[in-house]
Amino acid sequence: MHTRREQIFIVLVIAVSMIPFYMAFDLPKQIVNRPIQGQGFANPGDTQPFMQIGFDLPYFGHVTLTEGIQLERLQLLLALSLTFLALVIVNGLFKFYINVQKGRLGERLLRRTRYELVDRVLRFPPQRFRQAKSGEIASLVKDEIEPLGGFAADAFTQPALLGGQALTAMFFIFMQHFWLGMVAAAMAAVQVAIIPRMRRRLIVLGRQRQITARELAGRVAEIVDGIQTIHSNDTTNWERADIVARLGRIFRIRYDIYQWKFLVKFLNNFIAQMTPFLFYSIGGYLTIKGTLDVGQLIAVINAYKELPGPLKELIDWDLARQDMQVKYEQVIEQFEAEGLLDPARHDLDAEVPPDVLGPLALHRLSLRNDLGTPLLEDVSLEVAPGETLAVIGDASGGAPLVGDVLAGVMPPSMGRVTLGGRDLAQLPERVTGRAIGYAGPAIHLLGGTVLENVTYALRRRPGDPPEDEPPELRADREWRWHEARLAGNPLLDKDTDWIDYNAIQPGREDGDLLGAIHEVLEVVGLSSDVISFAVHAPVNSTLVPQIEQPVLEMRRKLRERLAAQNLTGAILPFDPDGYNAEATISENLLFGIPTDRDASINAIVTHPFFRDVLMELGLAHRLFDLGWRFARVTLDLFGGLADNPDLLQWLTYMTPEEMPEFEHILTHYQPGGIGKATLEQRIRLIRLAMFYIEPKYRFSLLDDDLRALLVKGRKVLAERMPEDLRDHLQPYDPDAYMQRASILQNVLFGKINRRVGRAEDRIIDTVRGVLRETMKGNRAFSDDVLSLGLGYDVGAGGRRLSLLQRQRLALARTLLRRSDFYVFNEPLGGIDPAFQERIIGNILGFLAAQPQPAGVVWVLANPAFAHHFSKTAEFAKGRLVQQVATELKAGE
């Protein structure tokens with residue numbers, strides 16, 4: 001429906017392209033017969049018409065459209081040859097245009113098909129996800145549907161193009177000689193009859209290969225998801241055996257495919273070459289007898305060369321059609337599900353009631369599993385806005401299922417869930433998503449930043465493009481909308497602001513997103529973690545001018561606090577005249593922070609000036625020897641673990657892949673052998689030495705003489721450093737902000753002294769205190785720090801966060817959005833009970849303080865926390881056994 005006009009247009013272009021295609025067959029005959037063999041040029045000076053166009057019509061006789069121009073023999077040869085070249089170019093341009101348009105059409109079809117499949121996933125009923133494997137679904141959408149999209153573009157254009165070319169070539173051969181046409185038709189019929197039958201076996205094998213490959217993808221996804229279980233149960237070798245068996249089945253199928261594929265190819269090539277043999281023999285005989293001229297024979301052979309290709313591709317197309325039909329049915333089967341959600345439930349413009357919806361209630365509700373076993377029986381329950389309900393009972397009693405049903409995560413088998421008297425299953429998600437906030441034990445985090453995850457529940461409707469948008473961005477947006485419309489995709493622009501600011505919990509100021517985020521992070525106890533992310537993160541250069549002065553003030557305050565606590569020696573500051581024992585040799589020698597961590601250090605170390613200074617001061621020999629000993633001790637201690645990189649994650653100065661290279665260098669050179677080493681080997685050992693810190697590694701490789709020499713080298717480098725290297729390094733300055741350093745590094749302006757007991761913990765606590773004071777008194781700085789922390793990348797599925805951090809982030813996401821009801825289904829399982837109770841109290845207090853208190857349902861893993869709630873419902877064996885009102889203690 002979406003591409004009908006484009007398909008018809010391409011077919012019309014193909015029909016027009018057959019005219020120059022036919023003319024290209026006839027032209028070689030004219031070139032051979034007329035100027036080359038001299039037909040019509042019996043006498044010198046004879047001429048023949050060029051570009052004479054005419055044809056015979058019934059009742060009218062011969063009709064001449066143009067007489068053409070008269071040319072001599074050589075002129076005609078040149079003119080016909082140039083015309084042939086022009087036809088080659090025209091035919092090539094037709095093919096180019098048709099293929100480009102066909103490719104674009106195929107990509108649009110593929111785009112729409114993938115969208116529709118993902119759309120169906122978004123409309124799957126909850127029970128469908130119990131059977132689906134994420135790896136298989138992803139493989140279907142990404143890989144298996146791709147050939148379907150490509151074939152869909154060829155569905156009409158390919159048979160029209162190939163069939164047109166084959167029929168044109170066959171018609172031309174018949175026009176030259178009837179019996180040669182019969183030979184070509186007979187061989188084409190044999191090719192069409194035999195090859196498809198043989199290739200049907202390939203289709204069967206292809207289906208088997210596709211199914212086994214899809215199952216392999218699903219199995220690998222299971223291994224990735226369950227890697228901890230596999231290691232903890234020592235089943236890695238069983239998993240290997242399973243993978244080996246699956247790979248064996250795939251190998252056998254693919255080997256059969258290769259045998260059949262190349263047998264078919266051999267027969268196809270034999271039949272294709274048999275016809276030229278017949279043409280040469282039969283056509284040659286007819287030419288000798290005089291019933292066929294040489295030009296016609298050459299034209300027939302030339303035309304036949306264009307016949308096997310289209311025929312073979314037409315056969316391939318028909319087989320692909322059958323194969324794609326089966327694949328399409330297989331894919332669609334995976335996306336068929338009973339009870340697909342009505343698309344109207346996801347309507348962006350669905351009507352939202354202006355008033356608070358309530359109460360949230362269960363009416364005679366029953367829930368059964370796939371086998372028909374009852375999980376909940378005849379449950380009736382109601383929560384009004386402003387009420388807080390604790391649901392208690394063990395997992396087998398059905399309490400966690402109540403939370404899922406109330407939130408609409410799991411549909412009831414019988415009975416109803418209502419919101420304000422309306423059936424929850426009939427309400428659009430725009431209403432239920434606004435009215436009910438949910439946090440459960442299964443935590444889903446996006447692979448992105450903390451900000452993207454905490455605001456995820458607010459991304460519900462696209463905003464308008466900015467009015468001051470640059471013309472190039474506006475043009476790009478309009479192009480994307482145009483292509484989306486042609487592909488049948490909805491016009492939803494991800495690059496606009498999707499955050500619904502009206503749905504934010506009231507923060508310190510109306511519509512203050514950062515203020516609201518900070519408040520919910522405080523409620524769930526995650527603000528200190530986000531601030532920790534901020535102080536350790538590199539600072540964007542655009543943010544530096546805004547935070548520079550507050551950070552320098554924090555540096556001064558920290559020194560005062562440490563002096564008051566008698567912890568002055570806990571930080572070894574960067575002293576231009578002294579060696580910092582806790583810093584690397586590189587930091588001491590260069591005495592500055594690189595403007596680009598990797599590129600700058602590499603540029604300096606490999607620069608001839610740096611090498612010359614090291615040689616002049618005798619540092620090159622000392623650092624080469626230190627690097628040699630550093631590498632030797634490292635390889636002696638950890639070389640045997642090179643095959644287990646997981647155990648060497650902390651080894652930051654040498655990777656397992658580098659160990660064999662260092663072993664090779666150490667085998668051929670000894671300390672003092674810098675003169676024999678190559679430049680690359682010198683640089684490698686000297687760079688390794690640059691990472692050395694004596695108090696950290698304790699290999700006794702650094703003495704006082706070398707420390708003094710490094711301080712001297714620092715001053716020489718600073719005095720003589722050329723301009724092209726100065727841009728790579730910002731010297732340490734106690735009164736300046738370090739541009740490429742984190743906030744923590746700037747505040748410390750030095751290294752923590754490991755010799756002072758608990759120095760790191762005590763200093764970090766002091767830094768946090770100073771930071772909180774500064775943030776409290778400077779709102780702009782507070783927002784900048786918060787923004788920096790919110791930019792922390794949580795990793796795929798939040799794997800860079802601990803379980804507790806993921807749980808609290810999911811709670812913060814739920815609380816940030818204003819809702820009429822909140823359903824918390826054991827969201828804090830497995831953590832310290834005292835901390836869990838404190839979080840529960842914080843959340844209930846936060847929600848109670850809102851201008852419009854919400855109803856709260858909390859499924860508790862620990863019944864002892866029920867006293868925080870106004871009502872309690874206890875479940876056992878799938879039934880509501882007790883429902884009581886709780887008398888809250890004062891202050892709770």
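This report describes the predicted model of a protein, moving from its overall make-up to its sheets, its nonpolar cores and a few single residues.

**Overall make-up**

The protein contains 30 helices and 18 strands, and buried residues make up 46% of its 892 residues. Among the contacts with a separation of 6 or more, 75% are accounted for by residues 24 or more positions apart.

**The six-stranded sheet**

Six strands form an open sheet with mixed pairing, in the order E10-E15-E16-E7-E17-E18. At its edges stand strand E10 (436-439) and strand E18 (879-885), each of which pairs on one side only. Direction ignored, neighbouring strands of this sheet are turned by 15° against each other on average.

At one of these edges, E10 runs parallel to strand E15 (residues 821-825), and the two are joined by four bridges; within this pairing, glycine 437 has tyrosine 822 in E15 as its bridge partner. Helix H10 (residues 399-406) lies across strand E7 (388-392), E10, E15, strand E16 (855-859) and strand E17 (871-876), and runs at about 145° to E15. Helix H30 (residues 833-848) also packs on the sheet, where it touches E7, E15 and E16, and its direction makes about 165° with that of E16.

**Antiparallel pairs around E5 and E8**

Another group of strands can be followed from E5 through its partners. Strand E5 (residues 360-368) pairs with strand E6 (residues 374-383) in the antiparallel sense over six bridges, and E5 is also joined to strand E8 (residues 414-419) by five bridges, again running antiparallel. E8 in turn pairs with strand E9 (residues 422-423) in the antiparallel sense over two bridges. The table gives one residue pair from each of these pairings.

| Strands | Residue | Residue opposite or bridge partner | Bridges between the strands |
|---|---|---|---|
| E5 and E6 | alanine 361 | glutamate 382 | six bridges |
| E5 and E8 | leucine 362 | valine 417 | five bridges |
| E8 and E9 | threonine 418 | aspartate 423 | two bridges |

A further pair links E5 with E8, since serine 366 has methionine 414 in E8 as its bridge partner. Two hairpins belong to this group. The hairpin of E5 and E6 has five residues between the strands, and glycine 372 in that hairpin takes a positive phi near 90°. E8 and E9 form a hairpin with two residues between them, and glycine 420 in the turn has a positive phi of about 65°.

**The nonpolar cores**

In soluble globular proteins, nonpolar side chains tend to be buried together. The largest nonpolar core of this model has 53 residues, of which Ile585, Phe610, Tyr692 and Leu710 touch the most other members. Two or more residues each come from helix H17 (585-590), helix H18 (597-605), helix H19 (608-617), helix H20 (619-638), helix H21 (659-668), helix H22 (679-689) and helix H24 (704-720), and H20 gives the most, with 10 residues. Not counting residues up to four places away in sequence, isoleucine 585 touches Tyr579, Leu623, Leu626, Ala689, Met690, Tyr692, Leu702 and Leu710. A second, separate core of 48 residues includes Val450, Phe835, Phe846 and Leu860.

Two of the helices that contribute to the largest core, H19 and H20, also pack against each other: their axes come within 5 Å and cross at roughly 95°, which means that H19 is roughly perpendicular to H20. On the side of H19 the contact is made by Leu614, Met615 and Leu617, and on the side of H20 by Leu619, Ala620, His621 and Leu623. The residues of this contact divide into six nonpolar, one polar and no charged.

**Two single residues**

Phenylalanine 9 has its place in helix H1 (residues 4-36), and because its relative accessibility is 43%, phenylalanine 9 counts as partly exposed. The C-alpha atoms of phenylalanine 9 and glutamine 101, which are 92 residues apart along the chain, are separated by 9.9 Å.

Threonine 432, by contrast, lies in helix H11 (residues 429-435) and is buried, with a relative accessible area of 12%. Threonine 432 touches Leu424 and Leu427, again not counting residues up to four places away in sequence.

Definitions and conventions. Residues numbered from 1 in each chain as written. Predicted model: local features only at pLDDT ≥ 70, side-chain atom pairs only at ≥ 80, totals over all residues. Heavy atoms only, no water. Buried < 20%, exposed > 50% of the residue type's maximum accessible area, 1.4 Å probe, protein only. Core = buried A, V, L, I, M, F, W, Y, C linked by side-chain atoms within 4.5 Å. Contact = heavy atoms within 4.5 Å. Pairing = 2+ DSSP bridges. Axes fitted to C-alpha atoms, helices over the stretch in contact; angles between N-to-C directions. Parallel < 35°, antiparallel > 145°, perpendicular 65-115°, else oblique. Nonpolar A, V, L, I, M, F, W, Y, C, P; charged D, E, K, R; others polar.
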